[in-house]
Amino acid sequence: QVRLVDSGGGSVQAGGSLRLSCVVSGDSYSSYCMGWFRQAPGKEREGVAVISTRGGSAYYADSVKGRFTISQDNAKNTVYLEMNTLKPEDTGTYYCAADRRNYCSAAIWARSYYNYWGRGTQVTVSS
């Protein structure tokens with residue numbers, strides 16, 4: 001059974017930085033499409049960054065391009081989301097998501113694309 005444990009959230013002021021981590025266990029880590037989604041109160045869950053663990057191709061939502069970086073450490077079965085220049089609108093619960101795929105396809109921003117989810121970690125950015 002694949003298990004995702006996401007962590008690293010916290011409270012920061014606008015302009016600050018945080019790094020989120022997602023550890024994958026219970027399966028070989030070699031081929032996943034892994035994403036970070038976020039959900040603000042009263043809003044739909046939205047994708048912010050995705051990475052293909054085979055090859056390392058990364059994809060970003062327009063709202064975070066140039067500020068967020070998704071990366072992986074294969075030796076630790078971990079995917080990271082480095083968030084810089086944080087804004088109050090980045091506030092929300094951030095979830096790690098994964099699905100077993102050789103490569104990520106065009107449907108990466110759909111929640112239904114992923115079969116495995118972490119429990120979420122809260123990020124609060126104050127102005």
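This report describes the nonpolar cores of the structure and the surroundings of one charged residue, D6.

The model is predicted, and its largest nonpolar core has 27 residues, with L4, M34, W36, L81, M83 and Y94 having the most contacts inside it. Seen along the chain, at least two residues of this core are supplied by each of β3 (18-25), β4 (32-39), β5 (46-52), β7 (68-73), β8 (78-83), β9 (92-100) and β11 (121-126), and the largest share, four residues, comes from β3. In soluble globular proteins, nonpolar side chains tend to be buried together.

L4 gives a view of this core from one residue: when neighbours within four places in sequence are left aside, L4 is in contact with C22, V23, V24, M34, C96, A97, A98, Y116, W117 and G118. A second, separate core has eight residues, among them A97, C104, Y113 and Y114.

D6 is found in strand β1, which covers residues 3-7. What is the nearest side chain of opposite charge to D6, which is buried yet has no salt bridge? That side chain belongs to R119, and it is 7.7 Å away from D6. The side chain of D6 does, however, lie beside two backbone nitrogens, as the table sets out.

| Side chain | Backbone nitrogen | Distance |
|---|---|---|
| D6 | C96 | 3.0 Å |
| D6 | G120 | 2.9 Å |

Both C96 and G120 also appear among the residues in contact with D6 once neighbours within four places in sequence are left aside, a list that further includes S21, C22, W36, Y94, Y95, G118, R119 and T121.

Note on methods
Residues are numbered from 1 along each chain as its sequence is written. This is a predicted model: local features need pLDDT of at least 70, side-chain atom pairs count only at pLDDT 80 or more; totals for chains, interfaces and linings use all residues. Side-chain values use heavy atoms; hydrogens and water are left out. A nonpolar core is a set of buried Ala, Val, Leu, Ile, Met, Phe, Trp, Tyr and Cys residues joined through side-chain atoms within 4.5 Å. Buried means under 20% relative accessible area, exposed over 50%, partly exposed in between (1.4 Å probe, protein chains only). Contact means heavy atoms within 4.5 Å. Lys and Arg count as positive and Asp and Glu as negative; His and the chain ends are not counted. A salt bridge is a side-chain nitrogen of Lys or Arg within 4 Å of a carboxyl oxygen of Asp or Glu. A polar contact is a pair of N or O atoms within 3.5 Å; within protein, one must be able to donate a hydrogen and the other to accept it, and residues adjacent in sequence count only if both atoms are side-chain atoms.
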